[in-house]
Amino acid sequence: MRIDVVSLFPEFIAQSAAVGVVGRAQQRDLLDVHGWNPRDYAQGGYRRVDDRPFGGGPGMVMMIEPLQACLRAAREADARPAPVFYLSPQGAPLTQTRVRQLAAMPRFILLCGRYEGVDERVLAAEVDAEISIGDYVLSGGELAAAVVIDAVARLQDGALNDAESAVQDSFEGDGLLDCPHYTHPASHPLGEVPAVLRSGDHAAIARWRRMQALGRTWLRRPDLLDEAALSKADAQLLAQFRREHDA
Ligand SMILES: CN1CCN(C(=O)c2nonc2N)CC1
């Protein structure tokens with residue numbers, strides 16, 4: 001899979017994509033991440049990439065020409081078709097379902113805006129969809145692009161080791177929040193590790209973890225519960241959690 005990123009800070013993208021799961025995926029040739037800088041496609045001595053907004057107001061807007069030329073270069077760097085996604089609070093919320101769709105593509109291009117954003121004509125002519133990683137305002141699209149790249153990289157076959165796959169499966173598999181995790185020491189002034197986790201009874205441990213995942217989802221993200229396909233056993237575990245919680 002190939003991801004091209006158009007950004008005024010391609011070094012940020014390259015550095016974030018060189019470490020961890022994404023870096024390993026690249027080393028394993030599961031993923032290629034390429035950064036492109038619109039400033040390299042800006043004309044004139046100042047290599048201008050932004051200008052003042054028509055209508056006045058604060059900040060600057062990224063100009064059409066450097067972006068169009070940069071997107072063209074990124075697109076033409078590989079023969080495969082490449083949809084363009086713009087990171088923006090105005091985009092569709094990024095979900096694991098959307099990540100799975102992106103991860104199945106042979107390639108795509110991420111467009112990262114800075115300042116007040118990009119000229120709207122670029123969005124209309126060059127962008128296939130906008131993606132938001134959350135309802136807040138960042139300083140640029142690069143952090144959002146790094147989030148998309150990380151989530152997509154994890155879904156490339158061979159990117160995760162067994163332990164990492166288990167974590168992925170725990171959320172992705174059933175859409176619930178994760179259960180609590182503990183490690184040594186078993187006793188600490190902050191509290192004790194739940195006895196069931198030290199019991200060696202793997203069936204009881206699995207039930208406890210499932211009940212905690214169901215219960216935490218009910219408490220913190222009931223909207224996810226509405227989407228989750230709960231089994232009869234799940235419903236019984238959640239009922240037990242709620243009885244103990246309300247006791
Ligand atoms: C122009 N620039 C504004 C800030 N920005 C975001 O806040 C953002 N991107 O994706 N999800 C988000 N939230 C990126 C684009």
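Modeller: Start with one residue of this predicted model. Arg48 has a relative accessible area of 40%, so it counts as partly exposed.

Biologist: Which residue forms a salt bridge with Arg48?

Modeller: First the general idea. Side chains of opposite charge can pair when their charged atoms come close. Here the partner of Arg48 is Asp51, with the closest N and O atoms 3.3 Å apart. Asp51 is partly exposed too, at 25% relative accessible area.

Biologist: How many salt bridges does a search of the whole structure find?

Modeller: The count is 13. One of them joins Asp223 and Arg221, at 2.7 Å from N to O. Asp223 is partly exposed at 36%. Arg221 is partly exposed at 37%.

Biologist: Where do Glu142 and Arg114 lie?

Modeller: Take the contact before the location. Their side chains meet in a salt bridge of 2.9 Å, N to O. Glu142 sits in helix H6 (residues 142-153), while Arg114 is in the loop between strand E6 (107-111) and helix H5 (120-126), so the pair ties together parts that are 28 residues apart in sequence.

Biologist: Is Glu142 buried or exposed?

Modeller: Glu142 is buried, with just 1% relative accessible area. Arg114 is partly exposed at 22%. The cut-off matters for that reading: buried means under 20%.

Biologist: Which residues are linked with Arg2 in a network of salt bridges?

Modeller: Asp4 and Arg107. Read the three as a linked group.

Biologist: Now the cysteines. How many disulfides does a search of the whole structure find?

Modeller: Zero. To judge a candidate, check the sulfur distance: a disulfide needs two cysteine sulfur atoms within 2.5 Å. For Cys70, the closest cysteine sulfur belongs to Cys112 and is 10 Å away, so the two are too far apart for a bond.

Biologist: Is Cys70 buried or exposed?

Modeller: Cys70 is buried, at 0% relative accessible area. Cys179 is also buried, at 8%.

Biologist: Let us turn to the surface. Which residues make the nonpolar surface patch of about 420 Å²?

Modeller: Phe9, Phe12, Tyr136, Leu138 and Leu143 make that patch. To read such a patch, look at how accessible its residues are. A residue needs over 30% relative accessible area to be included. Phe12 has 31%, so it counts as partly exposed.

Biologist: Where is the place of Phe12?

Modeller: Phe12 belongs to helix H1, which spans residues 10-16. Find that helix in the view, then pick out the other patch members, among them Tyr136 and Leu138.

Terms used:
Residues numbered from 1 in each chain as written. Predicted model: local features only at pLDDT ≥ 70, side-chain atom pairs only at ≥ 80, totals over all residues. Heavy atoms only, no water. Buried < 20%, exposed > 50% of the residue type's maximum accessible area, 1.4 Å probe, protein only. Patch = residues over 30% accessible without salt bridge, like charges linked within 9 Å, V, L, I, M, F, W, Y side chains within 5 Å. Areas by Shrake-Rupley, 256 points an atom, 1.4 Å probe, with all protein chains shown as cover. Salt bridge = Lys/Arg side-chain N within 4 Å of Asp/Glu carboxyl O. Helix = DSSP H or I, 4+ residues; strand = E, 2+ residues; numbered from the N terminus.
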